[in-house]
Amino acid sequence: MSAGPLLETRGIGKTFGSVLALREVSMSVAAGQVVCVLGDNGAGKSTLIKILAGVHRHDAGAYLVDGEEVRLTSPRDALDRGIATVYQDLAMIPLMSVWRNFFLGSEPRKGLAFDVARARRVAREELRAMGIDIRDVDQPVGTLSGGERQSVAIARAVYFGARVLILDEPTSALGVKQAGVVLRYLARARDRGLGVVFITHNPHHAYPVGDRFLLLNRGTAVGEYGKDDITAQELTALMAGGAELEELAHELRRE
Amino acid sequence: MTVAADERIAHVGTARRLLIRPELGAVVGLVVVFVFFAAQSPVFRSPAGIANWLDPAATLGIMAVAVALLMIGGEFDLSAGVLTGTSGLILVTLATRFGFNVWLAMLAGLVVALAVGFANGLIVTRTRLPSFIVTLGTFLMLQGVNLGVTKAITGTVQVSGLRRAEGFEGASALLAGTVAVGGTSFRVAILWWILVTAVATWVLVRSKAGNWIFAVGGNEQAARAVGVPAARTKIALFMTTAFAAWLVGSILALRYTSVQANIGIGQEFIYIIAAVIGGCLLTGGYGSAVGAAIGAVIFGMADKGIVFLGWDADWFTFFLGAMLLLATLANRLVRRYAEQVRH
Ligand SMILES: Nc1ncnc2c1ncn2[C@@H]1O[C@H](COP(=O)(O)OP(=O)(O)O)[C@@H](O)[C@H]1O
Ligand SMILES: [Mg+2]
C-alpha cells in the first residue's frame, strides 16, 4: 500500500438541476487520519460524502482512490474498494435484529443458506471487541439508543475491512454522553488504521478527534486547517461565522 | 431525546420482545375461531370437516404466503387475484381450443404470469410509483383482457372441457387430486400449500434473500446503501406472487376443468387481509409466512364453519371485517413498540 492518501478529491463539483450543491472542493484522507468536514445545514456536506460513497456521481473535478481516478457506479462499488459509509438518517433498519443489520448486504453463506449461527456469533464477538455493550444481538435495532446504533454501524464497517470510514453527522441527534460513545468508537477505528471522514456541524465534536478540518459554506470550501493551525475557539468562531455569533450574544443579553 | 430516556427505554423485557412475534395474533385468532366452531359443530371437528375447511385455506394460503413476502418487501400486488384467472384461462384455452398438451399449456401460463410479475416489478422499481397504483392498473388491464379474449374466442364468459385435453390425467393428479389419510381424502393442494409455506419460511429466515426482503421493506434506502440489490429483490418478489397466482390458477382450472373469465376478482384483498391477520405490517419490513398461512386457515374455518352452523353465508364478510380490524389494531401495537424506542 502506498503512503499517499486513500481518498482524494480535486476540485470536485455537483449540481442538482439548477442547484449548485458542491463546487471546487479538494480534500484527502490518509490511513489513521481523521478528516472533519464542517459546515452549516445545506453547506453540501452530505452531497460531498455521497459522492465519496458512490451514491452520487460528481460532474466536475476528479475523485481518486489510492491515487487512481475513479467513477464509482454504486455504493456496492465503493464498499468493494473499502469505502464504508454510516449515514445520518439511514444507517440501520429498525425492525430488524442487530445481527441481521450487522451482516446486511454481506451475509455469510453456508451452502445455499445464510449462516445464521455464525452471523449471530460474529456480531456478538465483534461488538464486544469494539467495546460495545449490547445486551442481546437478537433485539431489533429500533430498540437501541441512537449512539448504540451508530456504534453498531461503525463496528460493522470495521469488520468488513473498510479502509475508509465515512460518517455523516453521527453525533448530531445525540446527547452529550451518547455522542462521546460514538466519538470513542470513531477514535478506535482510527487507531486500527482506518482513514476517517467525519461530517458534523458541531466543532466541539470535531476538534477532539480531528487531524484536519475542512470547512464548507454554500457548497464551497472556505478553509482547510491542520490541528496545529487552529484552536477549538477559532474553529467554533469560523463555523458560526464569528461576528454573527457575537451579535447574537449581544442581542440575547439581558437588559 | 435525553440520555436518561434512552437508557430507560433500552431495557426492554424479554417477555415483551417475544410478544411481538408477528404470528402471535394469528395463533390466538386460530385457537379462538377453531374452538368457536368446533364447540358447536361436530362435523367441523371431524376429519372430513377438517379436510373440508383446509381446502379453501390451501388455495388462499398459497397466495397469502406469496403476498406476505411481497408485503414484507414493502409492496402490494392488486393484480394477483385476476392473474390466477389469467393463468387458468390460458391453460384451458390453449388446451381445449388450440390443441396444446396440458403440460405445455401450463408452461405457457407460467411464462405469461412471470412476465406480468416481472412487468409489475420493473414498473414499480423504475418509476417509484406506489405499487398500489401500478398493480391496480395491471389488475384492471388483466380483468379486461380476461373477459375480452374469452368472449372473442368462445362467445361466452367461460372456457371449459379441459378433461378431454391430452395430459389432463397426470396434471390433474399432481395439482388437483386427493390423498387419503386414515380414510379421509384431503386435497393435494394442501400439500402444495404446506410446501410453499415451508419454502417461503426458509427463504425469509434462513437465506440471504430473506434478509434482503426484510431490509427493502424496512428501509429501502438504507438497504441499498449497504449493497442490497433492492430493485432485483422487489422484482423477484412480484414474480414470486405471479408464480403463486399461476399455481393456484392451474390448481383451480384442473379441479373444475373450466374457468370463468371473471374469476379471482376481489380475491386480491382477501390475500392481503390474510397476510395482515398473519402479522404483516401494511408499511412493510415485518411479518411472517407462517402467519399468513395461519391467516388463511382462519379464513377457511370461517368460510366453511359458517355453513356448518347453518348460518347465512353473508355473515362471512362481517367476520372478515372484524378480523381485519382486530389484526390491524394488534399490528399497530407492534409498530408503536418499535417506534417508541427510535428517534
Ligand atoms: N438530491 C438532491 N436534489 C436536489 N438538491 C439537493 C439534493 N441533495 C442536496 N441538494 C441540495 O444541495 C445543497 C447541499 O445539501 P447537503 O449536501 O445535503 O447539505 P448538508 O449535508 O451540508 O446539510 C442543499 O441546498 C440541498 O437542498
Ligand atoms: Mg446532511
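A residue counts as exposed when its relative accessible area is over 50%, as buried when that area is under 20%, and as partly exposed in between. The structure discussed here is a predicted model.

**Two loop residues**

By this measure A:Arg218, at 69% relative accessibility, is exposed. A:Asp66, with a relative accessible area of 34%, falls in the partly exposed class. Each of these residues is listed below with its backbone angle and its place in chain A.

| Residue | Phi | Place in chain A |
|---|---|---|
| A:Asp66 | near 55° | loop between strand E4 (60-65) and strand E5 (68-69) |
| A:Arg218 | near 45° | loop between strand E11 (212-217) and strand E12 (220-226) |

For A:Asp66, the phi value is positive although the residue is not glycine. The phi value of A:Arg218 is likewise positive in a residue other than glycine.

**Nonpolar cores**

In soluble globular proteins, nonpolar side chains tend to be buried together. Which residues have the most contacts inside the largest nonpolar core? They are B:Val102, B:Leu162, B:Trp193, B:Leu254 and B:Phe299, and the core itself has 108 residues. Helix H5 (residues 47-72) of chain B supplies the largest share of this core, namely 17 residues.

The surroundings of B:Phe299 may be described further. When its neighbours within four places in sequence are left aside, B:Phe299 is in contact with B:Leu60, B:Ile270, B:Ile273, B:Ala274, B:Ile277, B:Phe316 and B:Leu320. Another core, of 49 residues, lies apart from the largest one; among its members are A:Val98, A:Val141, A:Ala155 and A:Leu235.

Terms used: Residues are numbered from 1 along each chain as its sequence is written. Chains are lettered from A and ligands numbered from 1 in the order in which they are written. This is a predicted model: local features need pLDDT of at least 70, side-chain atom pairs count only at pLDDT 80 or more; totals for chains, interfaces and linings use all residues. Side-chain values use heavy atoms; hydrogens and water are left out. Helices (H or I, at least four residues) and strands (E, at least two) are DSSP runs, numbered from the N terminus. Buried means under 20% relative accessible area, exposed over 50%, partly exposed in between (1.4 Å probe, protein chains only). A nonpolar core is a set of buried Ala, Val, Leu, Ile, Met, Phe, Trp, Tyr and Cys residues joined through side-chain atoms within 4.5 Å. Contact means heavy atoms within 4.5 Å.
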